[in-house]
Amino acid sequence: MLAFLLSILLEATGSVAVMGAAVGAGLAAIGAGLGIGRIGGSAMEGIARQPEAAGRIQTAMLIIAALIEAVALFAAVICLLVALA
């Protein structure tokens, strides 16, 4: 019985990997969206409190948003590689 269940799991490994990769890519996209939204909100709050620092806050916000987007893209590429391997 155990050997039968193991053989079924080994046959389904490819589809499980694809499903896991899809879930991973979705979580990476959701995380990036939440992170960038939080950065934008915090930046607007900081600019409202100190308008004279708007240039520095916007620059830091854009750099951090780009880094978050790069990590999300890296995660999506890794998930794609897992799905196609």
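Good morning. I begin with a term: pLDDT is the predictor's confidence in each residue, on a scale from 0 to 100. The term is needed at once, as the model before you is a predicted one. Across the protein, pLDDT averages 86, and 85% of the residues score at least 70. Among the elements, helix α1, residues 2-11, has the lowest mean pLDDT, 63, whereas α3 has the highest, 92. Where pLDDT is low, the predicted coordinates should not be read in detail. I shall therefore concentrate on the other two helices, given that α1 has the lowest mean value.

Let me turn to the overall architecture. The protein holds 3 helices and 0 strands, and from the N terminus on the order of its elements is α-α-α. Of its 85 residues, 16% count as buried. The accessible surface amounts to about 6,300 Å², and 77% of that surface belongs to carbon and sulfur atoms.

I take helix α3 next. What span should its 31 residues have, at 1.5 Å a residue? Helix α3 covers residues 54-84, and the expected span is 45 Å; the end C-alpha atoms are 45 Å apart, so the model agrees with the expectation. The buried residues of this helix are A54, M61, A65, A72 and C79.

A record also speaks to this part of the chain. In an unreviewed entry, UniProt places the feature "transmembrane region" at residues 60-84. In the model, that span is 100% helix and 0% strand, and its end C-alpha atoms lie 36 Å apart.

Now to helix α2, which comprises residues 13-49. Which residues make the nonpolar patch on the surface? The patch is formed by V16, M19, V23, L27, I30 and L34, and its area is about 630 Å². One of these residues, M19, lies in α2. Its relative accessibility is 54%, and M19 therefore counts as exposed, the cut-off being over 50%.

How do residues of α2 stand relative to residues further along the chain? I shall go through four pairs. A21, in helix α2, is separated from A83 by 62 residues in sequence, yet their C-alpha atoms are 5.7 Å apart in space. With a relative accessibility of 5%, A21 counts as buried.

The second pair is G26 and A72. G26 belongs to helix α2, and A72 is among the buried residues of α3. These two are 46 residues apart in sequence and 9.8 Å apart in space, measured in the model from C-alpha to C-alpha. G26 has a relative accessible area of 30%, so it is partly exposed.

The third pair joins M61 and I36, which are 25 residues apart in sequence and 8.8 Å apart in space, again C-alpha to C-alpha. M61 sits in helix α3. Is M61 buried or exposed? Its relative accessible area is 19%, and because buried means under 20%, M61 counts as buried.

The fourth pair is G40 and Q58. They are 18 residues apart along the chain, with 9.0 Å between their C-alpha atoms. G40 is a residue of helix α2, and at 21% relative accessibility it counts as partly exposed. The 20% cut-off therefore places M61 and G40 in separate classes, M61 as buried and G40 as partly exposed.

Finally, I come to charged side chains. How many salt bridges does a search of the whole structure find? The search finds 1. It is formed by R49 and E45, whose closest N and O atoms are 3.1 Å apart. Side chains of opposite charge can pair when their charged atoms come close. Both R49 and E45 lie in helix α2, 4 residues apart, which is about one turn of the helix. An α-helix has 3.6 residues a turn, so residues three or four places apart point the same way. As for accessibility, R49 counts as exposed at 67%, whereas E45 counts as partly exposed at 42%.

To summarise, this predicted model has 3 helices and 0 strands. Helix α3 has the highest mean pLDDT among the elements, and a salt bridge is found within helix α2, between R49 and E45. Thank you for your attention.

How values were computed: Residues are numbered from 1 along each chain as its sequence is written. This is a predicted model: local features need pLDDT of at least 70, side-chain atom pairs count only at pLDDT 80 or more; totals for chains, interfaces and linings use all residues. Side-chain values use heavy atoms; hydrogens and water are left out. The expected span of a helix is 1.5 Å times one less than its number of residues. Buried means under 20% relative accessible area, exposed over 50%, partly exposed in between (1.4 Å probe, protein chains only). UniProt positions are given in the numbering used here, feature names are shortened, and annotations may be inferred rather than shown by experiment. Accessible areas come from the Shrake-Rupley method with a 1.4 Å probe; for residues, only the protein chains shown count as cover. Patches are made of residues with over 30% relative accessible area and no salt bridge: like charges are joined within 9 Å, nonpolar side chains (Val, Leu, Ile, Met, Phe, Trp, Tyr) within 5 Å. A salt bridge is a side-chain nitrogen of Lys or Arg within 4 Å of a carboxyl oxygen of Asp or Glu.
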